[in-house]
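Trainee: I have the model open and would like to test a few labels against their definitions. Shall we go through them together?
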Amino acid sequence: MRWPKYWSFSFSISPSNEHPGLIFRMDWLDKFTEEKLGQAEKTELDAHLENLLSKAECTKIWTEKIMKQTEVLLQPNPNARIEEFVYEKLDRKAPSRINNPELLGQYMIDAGTEFGPGTAYGNALIKCGETQKRIGTADRELIQTSALNFLTPLRNFIEGDYKTIAKERKLLQNKRLDLDAAKTRLKKAKAAETRASSEQELRITQSEFDRQAEITRLLLEGISSTHAHHLRCLNDFVEAQMTYYAQCYQYMLDLQKQLGSFPSSYHSNNNQTSVAPVPSASSNVIGSSALTSTSSLVIASPSNLTDLKECSGSRRARVLYDYDAANSTELSLLADEVITVFSVVGMDSDWLMGERGNQKGRVPITYLELLN
């Protein structure tokens, strides 16, 4: 088979010393190939250096995995991560965007405003929306703190320290191949002059290899200090998460307290009967903690309301939330005002009669907080 003319080429190397560097590199490649094929011996690194190299490689692999998964945790949207990466490479600040809790919160607030802040559902939506927006702000702070105190140090190691280690490790590999090639040439040397030259070359390559091995070892021993630094960064990350989750818990606890007295369904214009919510075990715990912190107030628990129903006198009560009267038999309420309430025989168990000055009408008991 004849190759096309434009594929033909020729290559020759002078046997003289006109191109010593080229001949040396050809020996280097031959040595590398023989080692890969198991046909040649190679200079082994000492056990300590091998352990350091293994530790560095292990650190690099797991640091990359932890860093990437942390980025996914903090920013689940892959498109947003790519955009942030591009802006970072361009050394520009990424545009601020509303996050998911903030967007949900805004929708809830807008819906509550549309339904009417004076209605139970509208009021509850607004309170939930405000809480969601606070959670969104806390989420934003978590991302910023974690990126600065945790992700940045990990990334600096991968893109800085480890790149330097990899560069010096590659140089060490090259020096080792040079040394082994020099050893092979010395074994093959027969003439006295050639042997003397090969011995001199071996001394030089051995010295360069030892020097590079020491440089690489010093760099690799810094991995221990890298672990110590990353441990401090990990503590910062855990503290940031702890702050975030504590904030979210407190926000939701406050919201649950606010919504605890809202009826599950409220009296609407179609005269549906309102039903009081059944308190859960968690709400009982929250209610008991609220009682201990407010000694001057008595939450309208089922036992208190039963006592009120059974007594013939009246009690004063604080209004927890705004309430719009559905018809003329009900009394509209404003949050934080104090009214007089009393029971009426035959009235629905979820309602009391309320009195404010010369105004009188039915009020839902779940909107009230009885006072001593």
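Mentor: Gladly, and keep in mind that this is a predicted model. Let's begin with strand β6, residues 368–371: Leu368 and Leu370 point one way, Glu369 and Leu371 the other way, and all are buried.

Trainee: What makes β2 and β6 a pair of strands?

Mentor: Pairing needs at least two bridges between the strands. Strand β2 (residues 314–319) and β6 have three, in the antiparallel sense, so they pass. Within this pairing, Arg318 stands opposite Glu369 of β6.

Trainee: Now helix α4. How do you know that its span agrees with its number of residues?

Mentor: Helix α4 covers residues 100–115, which is 16 residues, and at 1.5 Å a residue it should span 22 Å. Its end C-alpha atoms are 22 Å apart, so the two values agree.

Trainee: Which residues of α4 are buried, and why do we say that they line one face?

Mentor: Pro101, Glu102, Gly105, Met108, Ile109 and Gly112 are the buried ones. Looking down the helix axis, they fall within an arc of 125 degrees, so they line one face. Part of what covers them is α5 (120–188). On the other side of α4, Asn100, Tyr107 and Glu114 are exposed.

Trainee: What makes the approach of Asn99 to Glu102 a polar contact?

Mentor: The limit for an N or O pair is 3.5 Å. At the start of α4, a side-chain oxygen of Asn99 comes within 3.0 Å of the backbone nitrogen of Glu102, so the pair meets that limit.

Trainee: And what phi does Gly116 take, just after α4?

Mentor: A positive one, of about 115 degrees.

Notes. Residues numbered from 1 in each chain as written. Predicted model: local features only at pLDDT ≥ 70, side-chain atom pairs only at ≥ 80, totals over all residues. Heavy atoms only, no water. Helix = DSSP H or I, 4+ residues; strand = E, 2+ residues; numbered from the N terminus. Expected span 1.5 Å × (residues − 1). Buried < 20%, exposed > 50% of the residue type's maximum accessible area, 1.4 Å probe, protein only. Arc of directions from axis to C-beta. Contact = heavy atoms within 4.5 Å. Polar contact = N/O pair within 3.5 Å; in protein donor to acceptor, adjacent residues only side chain to side chain.
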